[in-house]
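Student: I have a structure open and do not know where to begin. Can you walk me through how to read it?

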Amino acid sequence: MSRSSDEGGVDGVDAGGSSPEDVLRHRAASALETGLAFIERHGDPFAILRVHALLGVRPVGDCVAAIATRMDGDGTVQPLGLAAQGAPGLADFADDPDAPILGALEALIVLADLAALHAPFVEDIARRLAALQHEDGSWGDGARPAATRIFATGLLAGHLARTRVARPEMLDRAGRFLASLWSPDRVSGRAWPELAAFGAWYSSTGDDLADEALQWIGRELQRGNEQGIHDAVHTVRVLLHCDASAVPGSALVPAALLEALLAEQGADGGFAELVSGTDAARVVPTHDAMLGAIRLCGVI
C-alpha cells in the first residue's frame with residue numbers, strides 16, 4: 001500500500017468530496033501526514049515501524065515480527081518504548097519490580113491497535129502473565145496504589161479476554177479483583193487510569209457488572225471530555241482500549257470528537273503539546289491521535 005493517496009491523504013481516510021463529513025476527513029488526512037512526519041522525526045525505530053504499519057506503509061506482520069524479537073523464552077516481553085514516549089498510564093510501570101508487566105502491557109496494546117491479537121506468541125505472553133498473577137487476581141507491584149494495579153489488571157485482562165489463549169481461571173480471578181474495587185467514584189473526576197482500565201475490561205467481558213459499569217464509564221468519559229478534564233487524545237485512547245467508537249452511556253458525537261482531536265495538533269504535527277520533556281514524549285500520544293482519527297473517520 002502507498003504512503004499517501006493521489007489526493008494527498010493517507011490510505012484509510014477519504015480526502016475527497018465537499019460535504020461537511022468529507023471536509024473533516026480531508027482535514028484528518030492532512031493531520032495524518034503531518035503526524036507521520038512528526039513521529040518519523042522524533043520516534044525510535046519501533047515507533048516508526050508501528051506508525052508505518054498503522055498507515056499501510058509497512059505490513060502489519062513486520063511490526064508483529066519486531067515484537068517477537070523482544071520476547072524471552074519464558075514469554076517475557078522486553079519493553080517496546082511506549083512508556084518512554086508518552087503512552088498514558090504506562091510510566092508508572094517503568095520501574096516496577098515485576099519487570100515483565102510493562103513489556104506485556106505495551107505488546108498487547110500495540111497488537112490490539114493493529115488488530116493482531118491473534119499473533120502466535122500471545123499465548124506465551126498469557127502463560128507468563130498467569131505465572132505472575134497475584135493471589136487476589138491482580139498484576140503489578142502490590143505496594144503500589146490501587147489505581148496502578150487496577151490499570152495493569154484491567155488492560156492486561158481486557159486485552160487477553162479478546163483472545164482465545166487466556167485461561168478462563170486467570171480472567172475470572174482478574175474479574176473478581178476488578179469487581180471488588182469497582183464503583184462509579186473510581187472513574188469520576190481525573191481518574192483516567194481507572195476509566196481506561198475498567199473500560200478495557202468491561203467492554204471485553206460478559207461480566208455481570210459490565211452493563212452497569214459501562215454506562216457509568218460512558219457518562220464519565222463524556223463529562224470529562226466536555227469539561228476539559230480529559231483532552232481529546234486521552235478520550236480517544238479510552239475508546240481504543242475499549243476497541244469501540246462509542247461506549248454505552250456516552251453521547252459523544254464522533255464528528256465533534258474528531259474536530260476536537262484535530263484542534264489539539266500542534267504546528268509541528270505532534271499532539272500533546274503541553275507534555276513536559278522532549279518531543280519524544282509526544283510520540284505515542286501522536287500515534288494515538290492518528291489511530292483515533294482513522295477510527296472516527298470510519299464512523300462519521
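Tutor: We will go from the whole chain to one helix pair, and then to single residues.

Tutor: First, the ground rules. This is a predicted model, where local features need pLDDT of at least 70, side-chain atom pairs count only at pLDDT 80 or more, and totals for chains, interfaces and linings use all residues. Residues are numbered from 1 along each chain as its sequence is written, and side-chain values use heavy atoms, with hydrogens and water left out.

Student: How many helices and strands does the protein chain have?

Tutor: Helices (H or I, at least four residues) and strands (E, at least two) are DSSP runs, numbered from the N terminus. Here there are 12 helices and 0 strands. The pattern along the sequence is α-α-α-α-α-α-α-α-α-α-α-α.

Student: What does the radius of gyration say about the protein chain?

Tutor: That radius is taken over C-alpha atoms, and the globule rule is 2.2 Å times the number of residues to the power 0.38. For 300 residues, a compact globule would come out near 19 Å; the protein chain has 18 Å, which agrees. Along the principal axes, the C-alpha atoms fill a box of roughly 55 × 40 × 35 Å.

Student: What share of the residues is buried?

Tutor: Buried means under 20% relative accessible area, exposed means over 50%, and partly exposed lies in between (1.4 Å probe, protein chains only). By that rule, 54% of the 300 residues count as buried.

Student: And what area does the protein chain expose?

Tutor: Accessible areas come from the Shrake-Rupley method with a 1.4 Å probe; for residues, only the protein chains shown count as cover. The chain exposes about 12100 Å², and carbon and sulfur atoms supply 51% of that area.

Student: What share of the contacts links residues 24 or more positions apart?

Tutor: Contact means heavy atoms within 4.5 Å. Take the contacts with a separation of 6 or more: residues 24 or more positions apart account for 69% of them.

Student: Now a helix pair. At what angle do α2 and α12 cross?

Tutor: Axes are lines fitted to C-alpha atoms, for helices over the stretch in contact, and angles run from 0 to 180 degrees between N-to-C directions. Helix α2 (residues 45–55) and helix α12 (residues 283–297) have axes that come within 11 Å and cross at roughly 5°. Angles under 35 degrees count as roughly parallel, over 145 as roughly antiparallel, 65 to 115 as roughly perpendicular and the rest as oblique. So α2 and α12 are roughly parallel to each other.

Student: Which residues make the contact?

Tutor: From α2, they are Ala47, Arg50, Val51, Leu54 and Leu55. From α12, they are Val283, Val284, His287, Asp288, Met290, Leu291 and Ile294. Ala, Val, Leu, Ile, Met, Phe, Trp, Tyr, Cys and Pro count as nonpolar, Asp, Glu, Lys and Arg as charged, and the others, Gly among them, as polar. The residues of this contact divide into 9 nonpolar, 1 polar and 2 charged.

Student: Is Asp288 buried or exposed?

Tutor: Asp288 sits in helix α12. Its relative accessible area is 1%, so Asp288 is buried. Not counting residues up to four places away in sequence, Asp288 touches Arg50, Pro88, Val233, Val236, Arg237 and Leu240.

Student: What about the loops? Where is Thr163 found?

Tutor: Thr163 lies in the loop between α6 (146–160) and α7 (168–181). With 15% relative accessibility, Thr163 counts as buried. Its contacts, leaving aside neighbours within four places in sequence, are Leu117 and Val122.

Student: And where is Ala280?

Tutor: Ala280 is in the loop between α11 (254–263) and α12. At 25% relative accessibility, Ala280 is partly exposed. Beyond neighbours within four places in sequence, Ala280 is in contact with His42, Ala84 and Gln85.

Student: How far apart in space are Pro120 and Ala68?

Tutor: They are 52 residues apart along the chain, yet their C-alpha atoms are separated by 9.4 Å. Pro120 lies in the loop between α4 (100–113) and α5 (122–132). It counts as exposed, at 72% relative accessibility.

Student: Last one. What sign does phi usually have?

Tutor: Most residues other than glycine have a negative phi. Ala115 has a positive phi, near 55°. Ala115 lies in the loop between α4 and α5 and is exposed, at 61% relative accessibility. Asp243 also has a positive phi, of about 55°. Asp243 lies in the loop between α10 (232–241) and α11 and is partly exposed, at 48%.
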